[in-house]
Amino acid sequence: MIKTNQLRKVYDNGFEAVKSLSLHVNKGDIYGFLGPNGAGKTTTIRMLIGLIEPTSGDLEVSNLNVKKNKGEIKNLIGVLPESHGYYEWMTGEEYLLFFSALHKINKQQRKDKVTELLDLVSLTAKANVKVSQYSRGMRQRLGIARTLIHDPEIIFLDEPTLGLDPQGQKDIENILLHLNQVKGVTIFITSHLLKDIEKICNRVAIVKAGTLIEEDSVKGLMDKYKKDIHKDDLSLEDVFFHLTSDGKGEQ
Ligand SMILES: Nc1ncnc2c1ncn2[C@@H]1O[C@H](COP(=O)(O)OP(=O)(O)O)[C@@H](O)[C@H]1O
Ligand SMILES: [Mg+2]
């Protein structure tokens, strides 16, 4: 579903944010792209969605070369960026109707789609409330609904649980599991909080300083490293700290 080969990004100031990254995301994966702040996660997403050009390397999304098929790929993907503004004066429903119009969805179908999505993210009761009055959790749920307006095959979510309380995180996790299991949506999700999303991901990549450290199933990683880390109730975070021996966080 997503394939990159030796993907690399050097920014104009000469900083190499992504170094020879080769990733493989399968159809139906909830793929966790994990790493500390500054690891190159957002840079990688921006390349995958065609927003910035890689310095070198190949990348495919939905079996299409991203460089050559930007227009086509836009219809197949949904994106929730790391930080994004809302139109505060709109209600949740108006916000989704606005984006469905941007996606040129048939007028009759717009209302049905928006009703369906508000229900999916448990915002039906808040449909007519202005976004300015939404909590952070509600905003993130609305943002996820927005990414789904054109029935994409893959969604990219950049730190969607950032700043949410445990209930807010759980709500997002449940929505993503439902989307994946019932609708078959492939999900590419980033986080610097490994604990947050390891529960819902079937496969993960761990990156640090623009370099891939591991890519595997969560179970595969645990099995591989449990003999080296002597700890009951091993978590992905334990594996990560084991792999990044200096234990330092932000770059
Ligand atoms: N436009 C840019 N120009 C130069 N350096 C950048 C730019 N954007 C990001 N970086 C740097 O690239 C590195 C990776 O950033 P980013 O992809 O945002 O990481 P992450 O999303 O994993 O926190 C960071 O050190 C960041 O400061
Ligand atoms: Mg980021």
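Buried means under 20% relative accessible area, exposed means over 50%, and partly exposed is in between, with a 1.4 Å probe and protein chains only. Helices (H or I, at least four residues) and strands (E, at least two) are DSSP runs, numbered from the N terminus.

This is a predicted model, in which local features need pLDDT of at least 70 and side-chain atom pairs count only at pLDDT 80 or more, while totals for chains, interfaces and linings use all residues. Residues are numbered from 1 along each chain as its sequence is written, chains are lettered from A and ligands numbered from 1 in the order in which they are written, and side-chain values use heavy atoms, with hydrogens and water left out.

**Stop 1: strand 8**

Select residues 154–158. Five of the five residues of this strand are buried, so strand 8 is largely enclosed by the rest of the structure. Ile154, Phe156 and Asp158 point one way, and Ile155 and Leu157 point the other way.

**Stop 2: the neighbouring strands**

Two strands pair if DSSP finds at least two bridges between them. Add strand 7 (77–80), which pairs with strand 8 in the parallel sense over four bridges. Ile77 has Ile154 as its bridge partner in strand 8. Next, add residues 186–191, strand 9, which is parallel to strand 8 and paired with it over five bridges. Here Ile155 has Ile187 as its bridge partner.

Now show residues 166–183, helix 6, which makes a right-handed β-α-β unit with strand 8 and strand 9. Right-handed means that, with the strands pointing away from the viewer, the path from the first strand over the helix to the second runs clockwise.

**Stop 3: the magnesium ion**

Select ligand 2. Which protein donors does the magnesium ion have? They are Thr42 (OG1) and Glu82 (OE), lying 2.0 to 2.5 Å from the ion. Thr42 is in helix 1 and Glu82 in the loop between strand 7 and helix 3, 40 residues apart. Donors are N, O and S atoms within 2.8 Å of the metal (3.2 Å for Na, K and Ca); water is not among the atoms, so sites may look incomplete. Thr42 counts as buried because its relative accessibility is 16%, whereas Glu82, at 38%, counts as partly exposed.

**Stop 4: residues around the largest pocket**

Select Ile49, Gly78, Val79, Pro81 and Arg146, the closest to the centre of the largest pocket among its 21 lining residues (a pocket is an open set of points on a 1 Å grid over the protein atoms alone where a 1.4 Å probe fits, with protein on both sides within 12 Å along at least five of seven lines; lining residues have an atom within 4 Å of a point). Strand 7 gives the most to the lining, with four residues.
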